[in-house]
Protein chains: 2
Amino acid sequence: MKAISCKTCPLQECELLLPHDHERKSFLEDFKAGEMTVEPGTQILLEGAMTPNLYTVLDGMGLRDKTLRDGRRQVINFVMPGDFLGLQAGVMGEMTNSVEAVTPMRLCVFRRDDLWTLFRNQPELSYALTWIAAAEEHFLGETIATLGQRDGKERIAWALLKLFQRMQGLGLGENRRVPLPFRQQDLADALGLSLVHTNKTLARLRSEGVANWSNGHLTVPDAEALATVAVTDPEPVQKRPFL
Amino acid sequence: MKAISCKTCPLQECELLLPHDHERKSFLEDFKAGEMTVEPGTQILLEGAMTPNLYTVLDGMGLRDKTLRDGRRQVINFVMPGDFLGLQAGVMGEMTNSVEAVTPMRLCVFRRDDLWTLFRNQPELSYALTWIAAAEEHFLGETIATLGQRDGKERIAWALLKLFQRMQGLGLGENRRVPLPFRQQDLADALGLSLVHTNKTLARLRSEGVANWSNGHLTVPDAEALATVAVTDPEPVQKRPFL
DNA sequence: CGGACCCTTGAAGGGGATCAATCGACGTGG
DNA sequence: CCACGTCGATTGATCCCCTTCAAGGGTCCG
């Protein structure tokens, strides 16, 4: 498959993402070191490893997770197009969690060593990077509040709502239905619930007509109703920069 | 009280923090807009509000929290000297959680509007800011793993260990004993546990001789042992930049 | 056709929430 | 100087949400 030029990058079209001006695009063109395509199940970043690369997701989905010493797994979040991967390793030296592909993925590859020239010459992009990190921090804070305060049903409703809104913002999926190619086990590991309980709760939400996730697709008839179950304000997804 | 010059900033002395070179110090001197002292209980940043200011904690402790619409409270993390506050509001426009002082605090005040000149003229400091955001992201990821995967006893052991290590790194407290001026309720809200259960678990750890937190001070006879209870690797605290 | 993988469903047990009451420390006003 | 209210730590009793154990079913593939 032919590599994509930043100037015609499909991500520019997402209404969720802020497009770049001409100058930044040509800088990014140089910054970009290549492209990578991976199959489902591939480890893109490895916990504890030193990566020479950073990535922007062009296409496909995955998940970021972390495993305790005794094997318990926590899914930190779900990875979607537009996401920037490896910033932690980029600045801190070592990856603190793994990223794994769940569908086939296409990634834009950057070299870690070039990060420094970006900071020296591109204040706007540096700012964008900080923005991205701060936004991630925000989201993780919400997740903490969910794991700490919400009960099982609320957690699942909250997660489905977030996933639904992000997919919609990216223009993926149709009207009230978006693809969601994860396993129930992944959602369970993301929310700190057992698989069994996750399954039963999903069934309940389904029968209540609030959210239907089956066969790799999520249908949400009424996002407001789902937000109510999740005990959350329906804060709209904010536009954000990307690289 | 007289304002402190960045050139003699006491934070420079912390072994945990990376000191600045001369040039950066004089930039920071200008960047610094003033100092602020607050009493315990004061809200420094308010959820949902637009702050014109950013802060670096010079002295004292506090906590960052978030409340759900129905009143449940989640403590996101504990605030200590060297911490940079308000980055989310700084780049994203609005604060997504509150910060409250628990002890008297002294803060270094920066103007949000000046953030741009920092990014334009100080690539090293811009990098440092991104570093800080990425480090925070890392820590929140660990917290998520804790809330999602660890049981009550493990959670409390993990939190006490983290707090202990950070305080030691800052050079606060003596040998195996550091000040910890929070309430049991705060820890409970940080870990998603009830106050009652938190209390009982603290008592258990105390009687087992693993960790003793009482009268505002935490004593840890053997950090390794505590780490074992917490099911965590005793990863040493990493040096980090600050502003 | 057997195996791998995932979803589903029933039953039983436990970790932690909730309810409730006591106690100590502290400050304040009479 | 003491009565009293407040706030935080403590402890006992009860209950339930969620975990764990167990087993069955659907689909895909070699």
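Me: Before we start, what makes a pair of atoms a polar contact?
Reply: You need a pair of N or O atoms within 3.5 Å. Keep in mind that this is a predicted model.

Me: What makes B:Ser194 and DNA strand C a polar contact?
Reply: An N or O atom in the side chain of B:Ser194 sits 2.7 Å from a phosphate oxygen of the strand. The cut-off is 3.5 Å, so this pair counts as a polar contact.

Me: Which part of B:Gly192 comes up against a phosphate oxygen of DNA strand C?
Reply: Here it's a backbone N or O atom of B:Gly192, at 3.3 Å. For B:His197 the atom is in the side chain, and the distance to a phosphate oxygen is 3.3 Å. Helix α7 (195–207) of chain A and α7 (195–207) of chain B are the elements that give two or more residues to the surface near the strand.

Me: Which element gives the most to that surface near DNA strand C?
Reply: That's α7(A), with 4 residues. By class, the surface has 3 nonpolar, 6 polar and 4 charged residues.

Me: Now for A:Asp186 in helix α6 of chain A. Why is A:Asp186 called buried?
Reply: Its relative accessible area is 3%. Buried means under 20%, so A:Asp186 makes the cut.

Me: How do you know that the side chains of A:Asp186 and A:Arg73 share a polar contact?
Reply: The contact joining them is 2.6 Å, and the limit is 3.5 Å, so the distance fits. Leaving out residues up to four places away in sequence, A:Asp186 also touches others, including A:Leu63 and A:Phe78.

Terms used:
Residues numbered from 1 in each chain as written. Chains lettered and ligands numbered in written order. Predicted model: local features only at pLDDT ≥ 70, side-chain atom pairs only at ≥ 80, totals over all residues. Heavy atoms only, no water. Polar contact = N/O pair within 3.5 Å; in protein donor to acceptor, adjacent residues only side chain to side chain. Nonpolar A, V, L, I, M, F, W, Y, C, P; charged D, E, K, R; others polar. Buried < 20%, exposed > 50% of the residue type's maximum accessible area, 1.4 Å probe, protein only. Contact = heavy atoms within 4.5 Å.
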